[in-house]
Amino acid sequence: MQTEKLYYQDAYLTECKAKILKTEQHSNQEWAIILDRTVFYPEGGGQPCDLGLIDNIPVHKVLERGGRIIHITNELPQQEYVDMKIDWDRRFDYMQQHSGEHILSWAFVNLMKANNIGFHLNNNITYIDVDVEAVSEQQIKEVEAAANKIVFSNLPVISRFVEQDQVQNFSLRKQLAKEYEQIRIVEIKHSDCCPCGGTHVNYTGEIGLIKICSVERKNKATRVYFVCGGRALTDYQHKNTTANFLSRELTVPAADISAAYCRQTQRWEEMSRQMAELRKEIHRYIGRELIAQAEFIKDTCVISKIFVDMTVKDGADLAKRLVTEANTIVMFAFVDTNKNTANLIFACSDNIAADMNAQLRQVLPLISGKGGGTPHYAQGGAANSSNINEAIEQAKINIKTLVGQ
Ligand SMILES: [Zn+2]
């Protein structure tokens, strides 16, 4: 009980009538339908299966088992004779990608002696793996040029079944792993000739543009991502939109975007360096102000301050700078008015015996905060900034008591 595979007779056939030969439960909620003929291509050879309708019932998977094509649905048709229709947009997209894959694989062998050792095709991504460790930009251009020359020549794509003893008459790019009674050979004039069970366009012009998008090293091979036809158009539209946007933003022609980006990056790095210098200068200025306002207990300089909307990182840099001087204790609070959060940083010079971690932990409960650190540097934070004044005032009292002893 074999299914007549109409997609091999005509890959452009989108619908047909067929007779149901058998139905059976496939899984819990799925049915398997076997018919005398079908336009549905099953998954195989790297090409995903067709989707479509049998008497308006969606077919969501198609498999081949021993020459029978099994259509998987969630319900059974009521009639013995049914109407079948495939999702043509999906099929033609796969025909474009799959036919393009033949030509691209041929071009890699022809120009680089790089053999196709893997092929993947799904809704979003198409790639082949070729058995070379690297492919240069120049080689990509040459492979693309050779592949698209075949497309532009609009050559016929001929599929035929041949007997095993006839195979030697064809110069195949890829040999079969095992012997078959009949072998389907797909031949594109002046380029690829390969055993294949998939669906293909009739003329190479229908493939449209073949474009390699990127390559990446994959163990000792190279993975080549590419798009053909409709996908190449979508890809070009997207990249053109992006290029036009960047061209407007950078006020340069599209061809100069890369150079303009490099110039912008250099400018940004220079500005970052200048900002870092300015930040250091501001810290020196704030530091002098803070020391002028500091309290001296015995010979210890106690600096405390609540900063509003200064970053904790800047505050940490400032605190660390101040305690490079001996006999200095720093107690900073930072209030973020946007997030209404608060942070504390307590730090002291190396020669100070007071434990900043212990001091911080004493006041953290006042702000329901968490944190910790070392005897010379401790940092904590709280989800809201209420009570931050009390926390700093209490910390000052504690330090004065400790240092004054
Ligand atoms: Zn094929």
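1. Asp314 counts as buried, with a relative accessibility of 15%. The cut-off for that label is under 20% relative accessible area. The residue belongs to helix 6, which spans residues 312-322. Setting aside neighbours within four places in sequence, Asp314 contacts Arg279 and His283. This is a predicted model, so side-chain atom pairs such as these count only at pLDDT 80 or more.

2. Next, the domain layout. The assignment splits the chain into domain 1 (4-86), domain 2 (91-247), domain 3 (252-284) and domain 4 (294-404). The centres of domain 2 and domain 3 are separated by 43 Å, taken over C-alpha atoms.

3. Which protein atoms hold the zinc ion as donors? They are NE2 of His98, NE2 of His102, SG of Cys196 and NE2 of His200. Their distances from the zinc ion run from 1.9 to 2.1 Å. The site is tetrahedral, with angles of 100 to 121° among the four donor atoms. For reference, the ideal angle for four tetrahedral donors is 109.5 degrees.

4. Along the chain, the zinc donors follow the spacing H-x3-H-x93-C-x3-H. Distant parts of the chain are linked here: His98 and Cys196 are 98 residues apart. His98 lies in helix 2 (residues 88-112). Cys196 lies in the loop between strand 14 (193-195) and strand 15 (210-218). Are these two donors buried or exposed? His98 is buried at 1% relative accessibility. Cys196 is also buried, at 13%.

5. Now the sheet. Four strands form an open sheet in the order 10-11-16-15, and the pairing is antiparallel. Strand 10 (116-121) and strand 15 are at the edges, each with a single partner strand, so one side of each has no neighbour in the sheet. From one strand to the next, the twist averages 20°.

6. Within that sheet, strand 11 (residues 126-130) and strand 16 (residues 221-228) run antiparallel and are joined by four bridges. To check the register, start from Val130: its bridge partner in strand 16 is Thr222. Helix 2 lies across strand 10, strand 11, strand 15 and strand 16. Its direction is at about 135° to strand 16. Helix 2 is also where the zinc donor His98 sits.

7. A hairpin is worth a look as well. Strand 7 (residues 61-65) and strand 8 (residues 68-73) pair in the antiparallel sense over five bridges. Glu64 has Ile69 in strand 8 as its bridge partner. Two residues lie between the strands. Gly66, in the turn, has a positive phi of about 55°.

8. Positive phi also turns up away from glycine. His190 is not a glycine, yet its phi is positive at about 65°. This residue is in the loop between strand 13 (182-188) and strand 14. His190 counts as exposed because its relative accessibility is 67%, and the cut-off for exposed is over 50%.

9. Thr251 should be checked too. Although not a glycine, Thr251 has a positive phi of about 50°. Where is Thr251 placed? The residue is in the loop between helix 4 (229-250) and helix 5 (257-293). Thr251 is exposed, with a relative accessible area of 69%.

Technical notes: Residues numbered from 1 in each chain as written. Predicted model: local features only at pLDDT ≥ 70, side-chain atom pairs only at ≥ 80, totals over all residues. Heavy atoms only, no water. Pairing = 2+ DSSP bridges. Donors = N, O, S within 2.8 Å, 3.2 Å for Na, K, Ca; no water. Tetrahedral: all angles 85-135°; square planar, octahedral: opposite > 155°, others 65-115°. Buried < 20%, exposed > 50% of the residue type's maximum accessible area, 1.4 Å probe, protein only. Domains from an automatic or database assignment. Axes fitted to C-alpha atoms, helices over the stretch in contact; angles between N-to-C directions. Contact = heavy atoms within 4.5 Å.
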